[in-house]
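Got your viewer open? Keep the selection box handy, and we'll walk through this one stop by stop.

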Amino acid sequence: MSEFFHPKLQAVEALAPYRLRTTWSTGEILEVDVQAVLQGIPALSKLLEPKVFSKAHLAEWGGGIEWFDAELGADNVYAWAKEQAGEVSHEMFDTWMHRNGLSLNTAADSLGISRRMVSYYRTAQKTIPRAIWLACLGWETTRPSPKTLPRTLPTAKEYALAHS
């Protein structure tokens, strides 16, 4: 994983069961609860044992968090930590683009920002402002035609009919 595309994990510390304190190349120190992930993947169930979980350590080159024979990818952990902190993650932004069939250019045009900023947001190079995420959701709700802007949001009934 290149530093250009995602923040690099620099340190990890196991806290209470299923919580990790992570330190990133961006200077951020984020805590993340991975209990739901561990419970949702049978191959990771051994990590639910507190003694095993406490052995979390940084994978070689900062590519993830390791336990003996299990690993969580750093980019996923970063996204989960951002989302749990109430922020918008690069994965949320990327999922929005894919869900709506948007390229870098069409996403940039839809949001009224540069292609470069879309790339930065999608690869976690820049923090995604809350206003940009709200614009993503608003665009998805209204799906304006090129060169037009909606004056109002659809009612719940109108939205349901348009998306049925």
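Which residues in helix 4 meet which residues in helix 6? Before you click, keep in mind that this is a predicted model. Now select His90, Phe93, Asp94 and Met97 in helix 4, then add Val118, Tyr121 and Arg122 in helix 6: those are the residues that meet. By class, this contact divides into 4 nonpolar, 1 polar and 2 charged residues.

Zoom out a little and show the axes. Helix 6 covers residues 115-122, and the axes of helix 4 and helix 6 are 8 Å apart, at an angle of about 125°. An angle over 115 but not over 145 degrees counts as oblique, so helix 4 and helix 6 are oblique to each other.

Stay on helix 4 (residues 90-99) and bring in helix 5 (residues 104-111). Here the axes come within 10 Å and cross at roughly 100°. That falls in the 65 to 115 degree window, so call helix 4 and helix 5 roughly perpendicular. For the contact itself, pick Phe93, Trp96 and Met97 from helix 4, plus Leu104, Ala107 and Leu111 from helix 5. The tally for helix 4 with helix 5 is 6 nonpolar, no polar and no charged. Phe93 and Met97 of helix 4 are on the list for helix 5, and Phe93 and Met97 also meet helix 6.

Next, jump to Glu140, which sits in helix 7 (residues 130-142). Is Glu140 buried or exposed? Its relative accessibility is 12%, and the cut-off for buried is under 20%, so Glu140 counts as buried. Turn on side chains and add Asn100: the side chains of Glu140 and Asn100 make a polar contact at 3.2 Å.

Time for the strands. Select strand 1 (9-14) and strand 3 (29-33), then put strand 2 (residues 19-24) between them. These 3 strands form an open sheet in the order 1-2-3, with antiparallel pairing. Strand 1 and strand 3 are the edges: each has a single partner strand, so one side of each has no neighbour in the sheet. On average, and ignoring direction, neighbouring strands are turned by 25° against each other.

Look closer at strand 2 and strand 3, which pair over 5 bridges in the antiparallel sense. Highlight Arg19 and you'll find Asp33 of strand 3 standing opposite.

Last stop: select helix 3 (residues 74-84). Helix 3 lies across strand 1, strand 2 and strand 3, and runs at about 90° to strand 3.

Note on methods:
Residues numbered from 1 in each chain as written. Predicted model: local features only at pLDDT ≥ 70, side-chain atom pairs only at ≥ 80, totals over all residues. Heavy atoms only, no water. Axes fitted to C-alpha atoms, helices over the stretch in contact; angles between N-to-C directions. Helix = DSSP H or I, 4+ residues; strand = E, 2+ residues; numbered from the N terminus. Parallel < 35°, antiparallel > 145°, perpendicular 65-115°, else oblique. Contact = heavy atoms within 4.5 Å. Nonpolar A, V, L, I, M, F, W, Y, C, P; charged D, E, K, R; others polar. Buried < 20%, exposed > 50% of the residue type's maximum accessible area, 1.4 Å probe, protein only. Polar contact = N/O pair within 3.5 Å; in protein donor to acceptor, adjacent residues only side chain to side chain. Pairing = 2+ DSSP bridges.
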